[in-house]
Amino acid sequence: MTSTAADLIAGISDPLAAVLAEQRWFAGKDRPIRAVIPVRATDLAGSDPRLIHAVVEVDQGESPRDRYQLLLGVRSDLPEFLGHAWVAACGDQAVYQAVHDPELTAVLLESIAHGVEVAGLRFATEPGVALDTEQRSRPVGAEQSNTSLVYGQTYILKLFRKLAIGRSPDLELHRALAAVGCEHIAAPLGSIEGWLGAEPVTYGMLSEFLRSAVEGWAMATASVRDLLGESLLIERAPGPAKPNDPADAGGDFAAEAHRLGHAVAAVHADLATALGASRASPGYLDTLATGMQRRLDSVASQVPELAPHVDALRAAFNEVREIDSPVRLQRIHGDLHLGQVLRTVTRWVLIDFEGEPMVPLAERTAPASTLRDVAGMLRSFDYAAHHVPLGDTDPELHAAAALAWTTRNQDAFCDGYAQVAPDPRKDAALLRAFELDKAVYEVSYEHAHRPAWLPIPLAAIARLTH
Ligand SMILES: Nc1ncnc2c1ncn2[C@@H]1O[C@H](COP(=O)(O)OP(=O)(O)O)[C@@H](O)[C@H]1O
Ligand SMILES: [Mg+2]
């Protein structure tokens, strides 16, 4: 007898827990899983293969428990190409991760195209969009916080994994930006939404796939590699060693950084047009500085290497309280870095407006200063410059070349930004505080996960506070 979708999932709780723990998008890797509990499960298609959409709660001893979206396939004969997606046996059938099965993911695209509603799941196109449902999918190579499927060379469907209660800012901001004709996004084409209890939830977002796109991070690090390669040649040549000037390197990135700054400012302007901007209330700067200092205290108590910088950091955050020029607040990207921007043949595009994944939704959707996004990008340039492995280069020359690259591209980015909006460097105290706050976060992250990288944010803190 065929079991219901909910019974089937309840019956494979243990193997599901093991599979979840291995997923890149699973946020609770640091804690053991006690149980995987189905919250809802809906049959979307077929009997063999069968497609089940599910939401599970993962019990890791905390409350509230995190919730994840799963797509499970069920087949009596699992073809070899799906072997790696296997999750569990259920009777004489195999249960597997359906995102790897183009026959089943086709159902998602068809459901969006036809506006299917089933058991509270709403598949829909954006107004006026007609989809080609013949396209077949493959998951994108580098999995990140979520799972994205590329259909042909035409569409990309992002399936949100860890579910936040409330509509996703990614979908909300893409819709708002599309409505005002923003050029620097991938057009939103469809969605999968629903309800968990009384709260709306976003399961998926379908967008235009930018087939010519290259990630900003890949372009920036290629430029750094080029500069370091040339520096190495100079270092080995006879005569005194000196760092190469990034302006002379073949792979100079500054013109791109300039265009990127222009694009980010244009998106900020469009977000203000679409969703409004307002002047911060008088208490805003105090609250902001207090939050930054609280984060500093907590990181400093865990990372002894931060100790020599604490006084200077506290002073920099205190300066924020003294700012007397008006601060504008509006919706921003919220997690902007070189991995969240794509370069197509014609333009820079910002993706992933979800905000920082670990931050509660209410905070992610609160109006903020656009300088936070600018600071995120400035920090990302610094990381790109230091990402390329040292090899056997002279560490001092390497550091000088990396710093020259960072400064040149940060300046170019701000110059480009200033063509559209006020120059972010004019609000020096606030911009610096956002950069330092981000660097403090990086210190805590590197301390916990990549101690060898700790010198990158520490050096930036030293530079910014000297
Ligand atoms: N519209 C698009 N066109 C081409 N590639 C895209 C597009 N959107 C996202 N990608 C690729 O998919 C990856 C993940 O997308 P992203 O929205 O950042 O998801 P996540 O929440 O998992 O970080 C990106 O780093 C990028 O390489
Ligand atoms: Mg991303």
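Select P64 to start: this residue sits in the loop between strand 2 and strand 3. The peptide bond that joins S63 to P64 is cis, with omega at about -5 degrees. Keep in mind throughout that the model is predicted.

Step back along the chain to P49, in the loop between strand 1 and strand 2. Here too is a cis peptide bond, joining D48 and P49, and omega is about 5 degrees.

Now select helix 2, residues 13-22. Which of its residues are buried? They are S13, L16, A17, V19 and L20. To see what surrounds them, show helix 1 (5-11) and strand 1 (35-45), then strand 2 (50-59) and strand 3 (66-75); the buried residues of helix 2 pack against these elements. Add strand 4 (86-90) and strand 5 (93-97), which belong to the list of packing partners as well.

Move on to A119, in the loop between strand 6 (117-118) and strand 7 (121-125). Its phi is near 45 degrees, a positive value in a residue other than glycine. Is A119 buried or exposed? A119 counts as exposed because its relative accessibility is 52%, and the cut-off for exposed is over 50%.

Next, select the magnesium ion (ligand 2) and its protein donors, Q340 through OE1 and D352 through OD. These donors lie 2.2 to 2.5 Å from the ion. Twelve residues separate the two in the chain: Q340 is in the loop between strand 15 (328-330) and strand 16 (341-343), and D352 is in the loop between strand 17 (348-350) and helix 9 (361-364). Both Q340 and D352 are buried.

Stay on D352 for its backbone. Phi is positive, about 60 degrees, although D352 is not a glycine. The relative accessible area of D352 is 17%, so the residue counts as buried, the limit being under 20%.

Finally, zoom out to the whole protein. The secondary structure comprises 13 helices and 17 strands. Along the principal axes, the C-alpha atoms fill a box of roughly 80 × 60 × 45 Å. The radius of gyration is 24 Å, which agrees with the value near 23 Å for a compact globule of 466 residues. Buried residues make up 49% of the 466. Of the contacts between residues at least 6 apart in sequence, 67% join residues at least 24 apart.

Turn on the surface: about 20,800 Å² is exposed, with 53% supplied by carbon and sulfur atoms. Colouring by charge picks out 41 positive and 61 negative side chains, and the centres of the two sets are 3 Å apart.

Terms used
Residues numbered from 1 in each chain as written. Chains lettered and ligands numbered in written order. Predicted model: local features only at pLDDT ≥ 70, side-chain atom pairs only at ≥ 80, totals over all residues. Heavy atoms only, no water. Donors = N, O, S within 2.8 Å, 3.2 Å for Na, K, Ca; no water. Helix = DSSP H or I, 4+ residues; strand = E, 2+ residues; numbered from the N terminus. Buried < 20%, exposed > 50% of the residue type's maximum accessible area, 1.4 Å probe, protein only. Rg over C-alpha atoms; globule rule 2.2 N^0.38 Å. Contact = heavy atoms within 4.5 Å. Areas by Shrake-Rupley, 256 points an atom, 1.4 Å probe, with all protein chains shown as cover. Lys, Arg positive; Asp, Glu negative; His and termini not counted. Charge placed at Lys NZ, Arg CZ, Asp CG, Glu CD.
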